[in-house]
Amino acid sequence: MFLSSAIIRALTLQSSYISRYITSQSSWHPRRSYSSNFVRIVEVGPRDGLQNEPRPIPPSVKAELINRLAQAGMRSIEAGSFVSPKWVPQMAGTAEILRLIDPVPKTDYAVLVPNRKGLDEVLRILSAARPPPPITEVAIFTAATDAFSRANTNASVSESLARLAPVARAALDAGLKVRGYVSVIMTCPYSGGVDPRRVRDVARELLQMGCYEVSLGDTTGAGTPASVRTTLEEVSKEIDVHRLAGHFHDTNGTALANIFAALALGVRVFDTSIGGLGGCPYSPGATGNVATEDVVYALTGESLYGDMGEPDSVGSQVLGLKAKWDIGPVSLALLAETGAWISEILGRETTSRAGRAYLARRQRERKLAEAAQVKH
């Protein structure tokens with residue numbers, strides 16, 4: 001790839017980041033916040049980002065994507081799903097993907113399970129494989145409306161919750177963590193606007209069955225900062241906001257604004273997708289998840305000015321700029337490269353604006369260096 005010098009610099013920076021975090025946070029754990037400014041980013045690209053792709057993607061490519069994300073510093077990665085290939089063909093081959101992963105220490109790898117059959121397959125793989133795959137948690141999901149739940153799982157919300165309770169219990173008994181998802185927290189493509197009290201009640205049920213955290217999903221991407229605040233204020237009447245995560249699709253370009261609205265209310269965990277990959281097969285018209293690169297830049301970009309290669313840049317240290325938010329050992333450079341790589345495989349450009357901007361700067365840097373060599 002033409003950005004080899006940039007990659008070397010990114011790897012050097014990444015090594016420095018990781019070394020610093022291992023030294024200062026040797027007991028780092030994704031569920032633990034070391035300060036009110038620590039934000040955990042859950043990378044859902046390999047599962048939620050790819051599940052709606054029309055063309056089959058080889059397991060080896062998905063595994064390489066996961067490995068690249070881990071090398072870029074992502075410490076919570078949703079690796080795949082044990083759903084029926086009949087309903088989500090793109091998720092076939094998750095077992096093979098797990099065998100191909102190169103585990104990175106202190107990294108949580110999760111898989112989605114829709115029912116007990118999916119969990120049983122996870123447990124079978126964990127008991128049979130030597131060494132076992134690096135699965136540390138499973139995710140279960142339901143919705144805030146009956147209409148969406150029936151379209152997605154052929155069950156009402158109450159029926160879905162009744163099915164999920166024994167799945168959560170069995171996963172916990174097997175030593176796995178359990179994370180919950182609630183879809184369509186703002187609007188439902190089948191029944192319209194969603195009552196925030198409904199979101200609160202469903203999230204509470206998931207926590208009561210043993211989920212350590214519940215991710216609230218704006219599946220249609222219809223949310224705005226105002227509606228996000230309204231929903232979170234209602235949900236937090238009964239639920240500790242630190243047990244909530246935000247999952248915002250960027251259909252209407254408001255995902256980043258919604259994240260900052262949630263941050264202001266105390267949410268410190270957000271789901272993102274490399275390159276803005278995604279969409280939902282049961283939510284017509286919904287576009288991709290918010291891009292991981294864009295979220296990383298929005299949270300920490302002011303601390304990266306000196307690494308951007310801008311002409312005459314004095315750098316963030318000279319300017320006295322320091323990022324308010326701590327996101328762990330994450331490298332924007334490696335994320336941008338990864339987003340461009342997987343997007344090229346999928347036959348399109350990355351939709352991440354921060355990723356495109358970073359790569360354009362590096363390309364300009366390369367051309368300037370080549371021009372300087374010609375002069376000499």
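**Exercise 1.** In this predicted model, find the bridge partner of Asp 218 in β9.

*Solution.* Start at Asp 218 and look across to β9: the partner there is Phe 248. Next, widen the view to the two strands. β8 (residues 213-218) and β9 pair in the parallel sense, over five bridges. Finally, trace the chain between them: it leaves β8, passes through helix α9 (residues 225-235) and arrives at β9, in a right-handed β-α-β crossover.

**Exercise 2.** Decide whether strand β9 is enclosed or open, and which way its residues point.

*Solution.* Take residues 244-248 and apply the cut-off for buried, under 20% relative accessible area. Five of the five residues pass, so β9 is largely enclosed by the rest of the structure. Now sort them by direction: Leu 244, Gly 246 and Phe 248 point one way, while Ala 245 and His 247 point the other. This pattern has a familiar background: in a regular strand, side chains alternate between the two faces of the sheet.

**Exercise 3.** Follow β9 onward to β10 and describe the surroundings of Phe 270.

*Solution.* First, the strands: β9 and β10 run parallel and are joined by two bridges. Helix α10 (residues 255-264) completes a right-handed β-α-β unit with them. Second, the residue: Phe 270 belongs to β10 (residues 269-272), and Gly 246 stands opposite Phe 270. Third, test its exposure: with a relative accessible area of 1%, Phe 270 is buried. Last, check its contacts beyond four places in sequence, which include Val 39, Arg 40, Phe 248 and Leu 263. Arg 40 is 230 residues away along the chain, yet the C-alpha atoms of Arg 40 and Phe 270 are separated by 6.6 Å.

Conventions. Residues are numbered from 1 along each chain as its sequence is written. This is a predicted model: local features need pLDDT of at least 70, side-chain atom pairs count only at pLDDT 80 or more; totals for chains, interfaces and linings use all residues. Side-chain values use heavy atoms; hydrogens and water are left out. Helices (H or I, at least four residues) and strands (E, at least two) are DSSP runs, numbered from the N terminus. Buried means under 20% relative accessible area, exposed over 50%, partly exposed in between (1.4 Å probe, protein chains only). Contact means heavy atoms within 4.5 Å. Two strands pair if DSSP finds at least two bridges between them. A crossover is right-handed if, with the strands pointing away from the viewer, the path from the first strand over the helix to the second runs clockwise.
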